[in-house]
Structures are given as C-alpha cells and as structure tokens.
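Please look over the following points with the structure open beside you. They begin with a pocket and then turn to a pair of helices.

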Amino acid sequence: MTTDIIARCRSIAAAHAHLDGPLLPVLHAVQDQIGHVPMAAYPALAEELGLSTAEIHGVVSFYPDFRTEPGGRRVLRVCRAEACQAMGAAALGDDLKARLGVEWHGTTEDGAVTLEPAYCLGLCACAPAALVDDRPVGRVTADGLERLAREGSA
Ligand code: FES
C-alpha cells in the first residue's frame with residue numbers, strides 16, 4: 001500500500017516537474033488525490049523535483065492546509081482569522097473541540113471528522129465561516145457545524 005502511494009506521489013511530482021516553482025502545485029495535487037502528503041513520500045518528491053527532503057518538510061509543515069496523516073471522512077475547516085474572531089470564532093473553535101473530543105488537526109476516534117483551522121476563507125462578510133469538505137458555510141454555530149460535519153460521515 002505504502003509503495004503504491006509513494007509511486008503515485010512520484011508520478012504526480014513528475015507530471016508537475018516542468019512548472020516554475022512546482023512544489024506547491026505538487027503538494028496540493030498529492031493532497032487532493034491521496035488525501036494527505038505522506039512523509040514516506042518526501043524522498044520520492046524531493047528526487048523528482050530536485051529538492052531536499054528538508055525543503056519538502058519545511059513547506060508541508062509551514063502551511064496548515066497540508067496534512068501528513070489521512071483525515072477523517074469529513075474535514076471541517078473553521079476560520080480563525082480576524083473577521084471571524086470578531087464574530088466569536090475562538091469560542092466556536094473551543095466548543096467544536098470539546099464536542100468532537102479533538103484538538104486542532106485532530107480526527108475523532110471514529111474517523112468521522114477532522115477539525116482543521118483556516119485563516120480567512122474569503123467569507124468574512126458571513127463570519128464566522130467554515131468549510132465542510134469543500135462546501136463553504138457562513139454565520140455558523142457549533143450545533144450547525146457539528147451536524148453538517150457528521151452528516152453522511154458515520
Ligand atoms: S476572516 Fe474568516 S472568512 Fe475571512
């Protein structure tokens with residue numbers, strides 16, 4: 001399984017290697033297609049892109065959008081940037097962490113939901129805002145987000 005994933009990552013990197021600055025497009029493609037950026041694939045990515053594994057690790061760990069482990073069946077991204085903070089995002093995040101029994105970047109024990117922070121989703125006028133997988137939702141409440149996150153994820 002891991003060998004197959006590494007081969008897929010290598011193939012994705014090779015397909016983007018011609019781009020100027022291919023690393024971010026490669027990492028996004030890997031996460032889109034595999035669901036995370038596995039650390040076991042760093043050497044293959046580095047080799048295909050002519051980079052070091054430290055450079056791969058540095059970029060993956062810098063951006064909160066990238067995960068190195070598989071996420072839950074639903075990924076809930078809750079905005080923590082300024083406009084959303086002004087509308088109660090800090091308390092919303094604390095409430096969601098307590099309801100789901102996870103910290104940021106954590107996945108519920110049943111594998112249903114991963115809780116991720118986000119830093120402005122472009123939905124400031126509808127703060128506080130979140131993404132449920134790729135679906136944007138505004139003026140969210142903890143009740144509503146928990147319900148949306150668990151719909152179809154059981
Ligand atoms: S600050 Fe939350 S969507 Fe912009």
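1. This is a predicted model, and the lining of its largest pocket is a mixture of residue classes, with nine nonpolar, five polar and six charged residues. The pocket encloses about 440 Å³ of space, and its lining is made up of 20 residues, among which Gln31, Asp32, Asp65, Arg67 and Arg77 lie nearest the centre.

2. Which elements each supply at least two residues of this lining? They are α2, which covers residues 23-34, and β1, which covers residues 74-79. Of the elements that take part, α2 gives the most to the lining of the largest pocket, with three residues.

3. The helix α2 also packs against another helix, α4, which spans residues 53-62, and the axes of the two come within 11 Å and cross at roughly 65°. Angles of 65 to 115 degrees count as roughly perpendicular, and α2 and α4 are therefore described as roughly perpendicular to each other. The crossing of α2 and α4 is right-handed.

4. Which residues make the contact between α2 and α4? On the side of α2 they are Leu23, Leu24 and Leu27, while α4 brings Glu55, Ile56, Val59 and Val60. Sorted by class, the contact of α2 with α4 has six nonpolar residues and one charged residue, with no polar residues.

5. It may help to go back to α2 in the display, as this helix gives three residues to the lining of the largest pocket and also makes contact with α4 through Leu23, Leu24 and Leu27.

Methods. Residues numbered from 1 in each chain as written. Predicted model: local features only at pLDDT ≥ 70, side-chain atom pairs only at ≥ 80, totals over all residues. Heavy atoms only, no water. 1 Å grid on protein atoms, 1.4 Å probe; cavity = no way out; pocket = protein on both sides within 12 Å on 5 of 7 lines; lining within 4 Å. Points joined across faces, edges and corners; volume = space filled by probe spheres on them. Helix = DSSP H or I, 4+ residues; strand = E, 2+ residues; numbered from the N terminus. Nonpolar A, V, L, I, M, F, W, Y, C, P; charged D, E, K, R; others polar. Axes fitted to C-alpha atoms, helices over the stretch in contact; angles between N-to-C directions. Parallel < 35°, antiparallel > 145°, perpendicular 65-115°, else oblique. Left-handed = near helix turned anticlockwise from the far one by under 90°. Contact = heavy atoms within 4.5 Å.
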